[in-house]
Amino acid sequence: MHGNSHGEIPSVIATFGRRRVAPRACIADSKPHIRRFLKEALEDIGFIAGEYEQKSDLAAALIDTLPDLFVLGLSSGGIAASNMLEQLAARRFDGKVLVFGQLAAPMVPAVHALGRELGLSMLPLLPTPFSDNDLRARVGALIPSEAPPNPPVHVTEALHADWLELWYQPRIEVHSLSLSGAEALVRMRHPTWGIVPPACFIPDADDPHFAALSEFVLRQAAKDWQYFTGEYGPITPSVNLPLDFFRDADAVDALAHYMPHHPGFDGMMVEIASQEIVQNLPFAAEVARALRLRNVGVAIDNLGAEWPMLRTLDDFPFVEIKVDRAFITGAGEDRLKQTTCRRILDFADGVGARTLAEGVETRADFLLARELGFDLVQGFFFGKPMERHKFARRVLGKPVTLGE
């Protein structure tokens, strides 16, 4: 779109707002941990972000990244930062430039002023230290208000191109506030659309390509478990699979094959949607019994108003019931939601299954879940889904605290 087939630097580096895709950011700073923090924070906002350390990387960055936003740190000093701004101006960069640094340092406002003198479009200074919210306040307006089009990418293409990865969300013990494990959620890191939610690419459960996606999830979860264990110690993984995955007579044995062969591995959870389970209850129960013999527990995911169907089972082989977020979020002001939760909790207690409240978004949601008697909670109040390195740094090995 910008540039040419010979890799030459275009006369005008291309511009924000001319494409209905995720905007791109180029991060330049000499400190790796700062670049990594900014990259993750910008990707959370909706950018596709790249990291660059030295001014010698700038030309390649402008060609490879085609940035709409250039984020410039001053870890290498004001002279190096000034040189980068001069290069941007010489290449007629017409995106936005964000400079960050300590306001008490004279070079910070001086570099910002130089950018304006050079005719660059400078965003307000970002003083350090800064938070995710501070960064969002500076650059959030650059995200197009229109959602990008659903990517016309088939899951097989995504698998072949290695665009898929697993993100992890913590599962928290209600009373001890300890980490109980993590749910693995598949995401696509598309080269044009950035981070793509699963609703845009996951096929229907009866799609023949779903098996390949399920195998990817199991294979990647095992690799990530090895990484977590090597860095921080074992963690119980939880993966989502369709019930139809187990229609194959060898599926249970195949799943066991993917599990890590490691003395620290003490089992895993498989989450199956409640609608699939209640519509195929005898078969689902059979699968759950077979998996328990292989140290795999089955959780009923997103359970709601259909819960009475579970009472028809004489033997209840499911180890966990996850109550749908629709019955958790804002339940403190809704007696009907509370009544449904209490009935499910009473049923779970009777069959010996633990319970998890999904969609715990606020402190009030958590306090109500604890008051009602849930065993576990999961939701944005304790952490959004994160790619594995970010999850490891921010969650593993750290105490769980209650926010505001």
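Phenylalanine 382 counts as buried in this predicted model, with a relative accessibility of 12%. Its ring pairs with that of phenylalanine 366, which is buried too, at 0% relative accessibility. Let's look at this pair, and then at some other aromatic contacts in the chain; the count comes to 14 aromatic pairs.

**The pair of phenylalanine 366 and phenylalanine 382**

- The ring centres of phenylalanine 366 and phenylalanine 382 are 5.4 Å apart and the planes meet at 75°; an angle over 60 degrees counts as edge-to-face, so this pair is edge-to-face.
- Phenylalanine 366 belongs to helix α12 (residues 363–372), while phenylalanine 382 is in the loop between β15 (376–377) and β16 (386–387).
- The two residues are 16 apart in sequence, and their pair links distant parts of the chain.

**The pair of phenylalanine 316 and phenylalanine 347**

- With centres 5.4 Å apart and planes at 85°, the rings of phenylalanine 316 and phenylalanine 347 also form an edge-to-face pair.
- Phenylalanine 316 sits in the loop between β12 (296–303) and β13 (320–323) and phenylalanine 347 in helix α11 (residues 335–351), so the pair ties together parts 31 residues apart in sequence.
- Phenylalanine 316 is buried at 10% relative accessibility, and phenylalanine 347 is buried at 12%.

**A cluster of rings**

- Tyr168, Tyr227, Phe228 and Phe391 are joined into a cluster by ring pairs.

**Charges over rings**

- Tyrosine 227 has the charged end of arginine 388 over its ring, 4.6 Å from the centre.
- Over the face of phenylalanine 283 lies arginine 247, at 4.1 Å from the ring centre.

How values were computed: Residues are numbered from 1 along each chain as its sequence is written. This is a predicted model: local features need pLDDT of at least 70, side-chain atom pairs count only at pLDDT 80 or more; totals for chains, interfaces and linings use all residues. Side-chain values use heavy atoms; hydrogens and water are left out. Rings of Phe, Tyr and Trp (its six-membered ring) pair if their centres lie within 6.5 Å; planes under 30 degrees apart count as stacked, over 60 as edge-to-face and the rest as tilted. Helices (H or I, at least four residues) and strands (E, at least two) are DSSP runs, numbered from the N terminus. Buried means under 20% relative accessible area, exposed over 50%, partly exposed in between (1.4 Å probe, protein chains only). A charge sits over a ring if NZ of Lys or CZ of Arg is within 6 Å of the ring centre and within 35 degrees of the ring normal.
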